[in-house]
Structures are given as C-alpha cells and as structure tokens.
Amino acid sequence: MRLAAGVRARVAAVHDGGGGLPARLRLYDGWAARYEEDVAALEYRAPHLAAASLAFAFPAPPAGARLLDVACGTGLVARELHRRGFRCLHGVDGSAGMLERARSTGLYRQLRRCVLGREPLPAPAEHYDAVTVVGALGEGQVPTAAVPELLRVTKPGGFLCLTTRSNPSNLRYKAELEAVLEMLEQQGAWQKVLAQEVERWEKATSEEESTQGTGYISGVVYVYRKCPVPPLEEG
C-alpha cells in the first residue's frame, strides 16, 4: 500500500538537510500532532528494535537504571522501554512541540529542550546507565561530531543504543557515523555489543530510496558499552 502524498512530503521535509536548523525545528513543531499517525503509516520499527536490543544487552533488572532518551520526539521509544521494565526515563529534544507530546505520556521523570550538536546535553558527566538516540542520527539531523557528547554523560559500563537508516540518501552520513563509532572503539572509549542491519526498517518515501524494489528501506541498530567495563561478578 503506497504512502499518502502528505506523509511522504512531511518525512522528506524533515530529512532534507537544507533550510537550516530553525526551519527544521519549526517543521518538527508543526509535525508533532500528526507524527505518530505518520510513523505508523511508515511502519517505523526503530523504537521497538532499539528498545528490544538495549533490553537484551542490559545485564541487570532495568527498573532502577537512569536512562536518557535523546531526540525523544513524542515518546515512542519511552513506551517501548517502559514495556521492558525501564522506569527512570529522562528525555531531551530540540522541538518544543515534540516535548509537549512526550510530556503528555507521563513516562518521563524529566524533559528538557536541547539541540544536540549545537549545545551540550543538560546533564553532568557519567550520569546515565544508558543513552538512546533513535531516529535522529541521519543526514540533516544530529551531526556525527556529537557522538562523544553521548559518551560523556554515560557511566562507565553503561550502554549506548543508536540507530541510523541505510537508504541511498543517508549512505554518506552512515559511513561517516560508522567511522566515528569505529574510531571511538579503537581509542578504547567503548566496546561494540552489537551492530544489527535490519530489513524493512520503514516504508520508503520514493522508489529511489527503496531497497531492491521492496518498497522499504533498511536500517541499523548499534549497541555499545562504555569503557571501562566492570568485571563480571563471580558466584
């Protein structure tokens, strides 16, 4: 079933790297009311896949873990995390309209406005047991240079769960992102837990973006653990 023209246009607009940050944030503010309806039409699976991957990697019951949901949007990732036992959720987003929707879920203990890449995260160093960035690491969105800031606020031994898309217009960004991820691993900043390429990540907005004519694009979930990783407890 083809995507409605309005959905295609709204998704293409926010993924377009042009127009500058203020214009893009206005697009997100205006999209907030229809965002969940549109991503349901897209069959957007990233929040579910990311939360499932993080929960699988997490070594302890997550209820007491403090987690930061970066670019939290309307709270789709928080819903998936909550289902998997995460309760202490903080969120940041650059869009006031998206934050208003996230606040209405009642799932976050704290929500702050922050444009990652333009300003530091509003948190002290080594504050979070886990950090997620789902859907915002892409062309025209969060710059790859912001990845070390995610590490700064993560506790040693904490987890970072990131996603990006593998459609043609995002391949340059994806290659740049993976170079940063690999460099940080080589520097001993973190260890890779998984990197999972997923088909049918979401519906493609055009034939050119579609993977081998399937009508969908693929994407990737990455999970890393910040070093030093604590030793396993005996017993």
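This is a short walk through the structure shown above, from its core to its pocket and then to a few single residues. Please keep in mind that the model is predicted.

Let us start on the inside. The largest nonpolar core has 43 residues, and those that touch the most other members are Y44, L54, L81 and W201. Many elements take part in building this core: helices α1, α2, α3, α4 and α5 (96-105) each supply at least two residues, and so do strands β5, β6 and β7. There is also a second core, separate from the one just described. This second core has 29 residues, with L121, V131, A146 and L184 among them.

Helix α3 is a good element to look at next. The helix runs over residues 46-57, which makes 12 residues. From its first C-alpha to its last, α3 reaches 16 Å, close to the 16 Å expected at 1.5 Å a residue. Its buried residues are A46, P47, L49, A50, A51, S53, L54 and A57. You have already met L54 as one of the core residues that touch the most other members. What lies over these buried residues of α3? The cover includes helix α4 together with strands β1 (66-70), β4 (128-133), β5 (154-165), β6 (190-203) and β7 (216-226).

Now turn from filled space to empty space. Rolling a probe the size of a water molecule over the atoms shows where empty space is left. The largest pocket holds about 710 Å³ of space. It is lined by 41 residues, and Y28, A71, G135, A136 and Q141 are the closest to its centre. Helices α1 (5-15), α2 (20-42) and α4 (76-83) and strand β2 (88-93) are the elements that give two or more residues to this lining. Helix α2 makes the largest contribution, with 9 residues. By type, the lining residues divide into 25 nonpolar, 11 polar and 5 charged.

A few places in the backbone deserve a second look. In the loop between α2 and α3 you will find E43, whose phi is positive, at about 55°, although E43 is not a glycine. With a relative accessibility of 36%, E43 counts as partly exposed. A similar case to visit is E126, in the loop between β3 (110-113) and β4. Phi of E126 is near 55°, again a positive value in a residue other than glycine, and E126 is partly exposed with a relative accessible area of 44%. Further along, in the segment after β7, comes P228. The peptide bond leading from C227 to P228 is cis, with omega near -5°.

Two residues in strands round off the tour. K155 sits in strand β5 and counts as partly exposed, at 27% relative accessibility. Which residues does K155 contact, leaving aside its neighbours within four places in sequence? They are R66, E126, H127, Y128, D129 and K226. D129 is 26 residues from K155 along the chain, yet their C-alpha atoms are separated by 5.7 Å.

Q110, in strand β3, is likewise partly exposed, at 29% relative accessibility. Setting aside neighbours within four places in sequence, Q110 is in contact with L89, H90, G91 and Y128. From Q110 to W201 there are 91 residues in sequence and 29 Å in space, C-alpha to C-alpha. That brings us back to W201, a member of the largest nonpolar core, where this tour began.

Definitions and conventions: Residues numbered from 1 in each chain as written. Predicted model: local features only at pLDDT ≥ 70, side-chain atom pairs only at ≥ 80, totals over all residues. Heavy atoms only, no water. 1 Å grid on protein atoms, 1.4 Å probe; cavity = no way out; pocket = protein on both sides within 12 Å on 5 of 7 lines; lining within 4 Å. Points joined across faces, edges and corners; volume = space filled by probe spheres on them. Helix = DSSP H or I, 4+ residues; strand = E, 2+ residues; numbered from the N terminus. Nonpolar A, V, L, I, M, F, W, Y, C, P; charged D, E, K, R; others polar. Expected span 1.5 Å × (residues − 1). Buried < 20%, exposed > 50% of the residue type's maximum accessible area, 1.4 Å probe, protein only. Contact = heavy atoms within 4.5 Å. Core = buried A, V, L, I, M, F, W, Y, C linked by side-chain atoms within 4.5 Å.
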